[in-house]
Amino acid sequence: MDTSEIIVTVVGVLLIGAILWFFFGPREALAARAGAAGVQEVEVIVKGGYSPDRIQVRAGAPVRLNFVRQETNPCTEQVILSDFGIIQTLPFGQSTAVEFTPQRPGKFEFHCAMNMVRGEIVAR
């Protein structure tokens, strides 16, 4: 192997590492804020993904996620929280509330209809 092949290999390995870290590295959870009547509330922007895509809540207390879809991608027309039996259509440009109560601590996934865009709820 000559010098240029070594450089290309090293750069390729570094890029693969950066991509893996970006998509699968540690993410910080956004804590839900307490709203009226003790409902934990978070606004989730839907635009190329969910922002925030990791939400921390208290188990046993009601949660309201307000999804605001800012894109017309058909993949994100619905959000699915299968652990809670919820499938909700998200109209473009509107805030749509999704309410549920995690009864136990754990991690609960939410995702688009195609299961490509994902988020996580961490109940403690």
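This is a short tour of a few places to select in the structure you have open. Keep in mind as you go that the model is predicted.

**Stop 1: strand β10**

Begin by selecting residues 106-112, which make up strand β10. How many of its seven residues are buried? Five are, and the strand is mostly covered.

Now bring in its partners. Select residues 78-81 to show strand β7, which runs antiparallel to β10 and is joined to it by two bridges. To find one of these pairings, click on Ile80 and then on His111, its bridge partner in β10.

Next, add strand β11, residues 118-123. The pairing of β10 with β11 is also antiparallel, and it spans six bridges. Here you can pick out Glu109, whose bridge partner in β11 is Glu120. While the strands are on screen, here is something to look for: in a regular strand, side chains alternate between the two faces of the sheet.

**Stop 2: the turn at Asn115**

Follow the chain from β10 into β11. The two strands form a hairpin, with five residues between them. Select Asn115, which sits in this loop. What is notable about its phi? The angle is near 60°, a positive value in a residue other than glycine. Most residues other than glycine have a negative phi. Is Asn115 buried, exposed or partly exposed? With a relative accessible area of 32%, Asn115 is partly exposed.

**Stop 3: a cis peptide bond**

Move to Ser51 and Pro52 and look at the bond between them. This peptide bond is cis, with omega at about 5°. Most peptide bonds are trans. Pro52 lies in the loop that links β4 (50-51) and β5 (54-57).

**Stop 4: Asn66 and its surroundings**

Select Asn66, which belongs to strand β6 (residues 63-69). Asn66 counts as buried because its relative accessible area is 13%, below the 20% cut-off. Which side chain does the side chain of Asn66 meet in a polar contact? That of Glu41, at 2.8 Å. To fill in the surroundings, show the residues that Asn66 contacts beyond four places in sequence: Glu41, Val42, Glu43 and Val44, along with Ser95, Thr96 and Ala97.

**Stop 5: two cysteines**

Finish with Cys75 and Cys112. Cys75 is buried, at 5% relative accessible area. Cys112 is buried too, with a relative accessibility of 0%. A disulfide is a covalent bond between the sulfur atoms of two cysteines. How many disulfides does the model contain? The count is zero.

Notes
Residues numbered from 1 in each chain as written. Predicted model: local features only at pLDDT ≥ 70, side-chain atom pairs only at ≥ 80, totals over all residues. Heavy atoms only, no water. Buried < 20%, exposed > 50% of the residue type's maximum accessible area, 1.4 Å probe, protein only. Helix = DSSP H or I, 4+ residues; strand = E, 2+ residues; numbered from the N terminus. Pairing = 2+ DSSP bridges. Polar contact = N/O pair within 3.5 Å; in protein donor to acceptor, adjacent residues only side chain to side chain. Contact = heavy atoms within 4.5 Å. Disulfide = S-S within 2.5 Å.
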